[in-house]
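Colleague: Hi, I'm new to this one and would love a tour. Could you put it up on the screen and start with the terms I'll need?

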Amino acid sequence: MLIRSKFLLLALLLALAGAVQATEECATTVQCNQVGSAAYQDGRYEQAIEAFERQLRRVESGDTAQLELALNNLILANLRAGDAGMARAWLGVALDNHLNGPSTRLHLRKVAEALDYPALSANPVGRYLRYGGQAVWSELLISEDGNGGYRASFSPVRVGARVEEYGPAAIGELEGKLVGDGVQMRLEDAGLGRDCEVQVLRESIELRVQEVYGDGCQDYGGMGISVDGRYIKVSR
């Protein structure tokens, strides 16, 4: 038992040292691109994605060409990792930023070939994401309730200025029953006030959430939290 404990402690220390080293090696846009590219070439896609997310945070409000490079890195790394849904989500961020360079156009075709759109859009059940900036996503999980209906579990976040050091500035949690035909639905039994309402419109793999803003309607989270916005389905 003592020997095993020593091995576990050593593994933990090595992991922490690796995380510190990765942070030190990825302090600038160029460094993050290099670290991520090296991990990608080695087939270490999780580490590559982490580095490319850090790269994105450093260019998101700056140079358009660097932004497109970081997003295309994320698209390609997620494709190679076998996560076509996440690649499609990052492609959506690129398209929302009106990026249309050769790499983005190429990856648009690759994502379309890799993603099973009919399977994803067959029913509401699955995992949806809403982009919040700085490589951070709010999440919505829709599941079957066992009675022929659906339940929704929202995990919204609001990104702060230093998300790498402190995490999101605010988080929330909202859960309830979805009532409707699977296309147009409303959230019930979620503990919201009488004048508060959350409506959902689903179209293929995209989902639009609208909510009433008012006193007590956003008490499910911290300051500035909301579930309102556009989501994309990334997995079933």
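Modeller: Happy to. The expected span of a helix is 1.5 Å times one less than its number of residues. Helices (H or I, at least four residues) and strands (E, at least two) are DSSP runs, numbered from the N terminus. Please keep in mind that this is a predicted model: local features need pLDDT of at least 70, side-chain atom pairs count only at pLDDT 80 or more, and totals for chains, interfaces and linings use all residues. Residues are numbered from 1 along each chain as its sequence is written, and side-chain values use heavy atoms, with hydrogens and water left out.

Colleague: Thanks! What span should helix H3 have, and how far apart are its end C-alpha atoms?

Modeller: H3 covers residues 45–57, and its 13 residues at 1.5 Å each should span 18 Å. The end C-alpha atoms are 18 Å apart, which agrees.

Colleague: Which residues in H3 are buried?

Modeller: Ala48, Ile49, Ala51, Phe52, Arg54, Gln55 and Leu56 are buried in H3. Buried means under 20% relative accessible area, exposed means over 50%, and partly exposed is in between (1.4 Å probe, protein chains only).

Colleague: Let's move to strands. Which way do the side chains of E3 point?

Modeller: In a regular strand the side chains alternate between the two faces of the sheet. Strand E3, residues 150–155, does this: Tyr150, Ala152 and Phe154 point to one face and are buried. Arg151, Ser153 and Ser155 point to the other face and are not buried.

Colleague: How many bridges join E3 to E2, and how many join E3 to E6?

Modeller: Six bridges join E2 to E3, and the two run antiparallel. E3 and E6 also run antiparallel, joined by five bridges. Two strands pair if DSSP finds at least two bridges between them. On the E2 side, Ser143 stands opposite Arg151 of E3; on the E6 side, Ser153 of E3 stands opposite Glu175.

Colleague: What is in the hairpin of E2 and E3?

Modeller: That hairpin has five residues between the strands, and Gly146 takes a positive phi near 90° there.

Colleague: And where does E6 lead?

Modeller: E6 (residues 174–180) forms a hairpin with E7, with three residues between them. Gly182 in that turn has a positive phi of about 90°. The two strands pair in the antiparallel sense over four bridges, and Leu178 stands opposite Leu187 in E7.

Colleague: Which side chains of E7 are buried?

Modeller: Met185 and Leu187 are buried and point to one face of E7, residues 184–188. Gln184, Arg186 and Glu188 point to the other face and are not buried. E7 is also joined to strand E8 (residues 198–203) by three bridges, running antiparallel. There, Arg186 stands opposite Gln199 in E8.

Colleague: You showed me glycines with positive phi. Which other residues have a positive phi?

Modeller: Most residues other than glycine have a negative phi, and most peptide bonds are trans. Gln134 has a positive phi near 55°, and Ala135 has one of about 65° although it is not a glycine. Gln134 is found in the loop between E1 (126–133) and E2 (136–144), and Ala135 lies in that loop between E1 and E2 too.

Colleague: Is Gln134 buried or partly exposed? And is Ala135 buried or exposed?

Modeller: Gln134 is partly exposed, with a relative accessible area of 21%. Ala135 is buried, with a relative accessible area of 8%.

Colleague: New topic: how many disulfides are there?

Modeller: A search of the whole structure finds two disulfides. A disulfide is a covalent bond between the sulfur atoms of two cysteines; here the cut-off is a pair of cysteine sulfur atoms within 2.5 Å. Cys26 and Cys32 form one, with their sulfur atoms 2.0 Å apart. Their link is right-handed, with 125° about the S-S bond, and both Cys26 and Cys32 are buried.

Colleague: What about Cys196 and Cys217?

Modeller: Cys196 and Cys217 form a disulfide with sulfur atoms 2.1 Å apart. The link is left-handed, with -85° about the S-S bond. Cys196 lies in the loop between E7 and E8 and Cys217 in the loop between E9 and strand E10 (229–235), so the pair ties together parts that are 21 residues apart in sequence. Cys196 and Cys217 are both buried.
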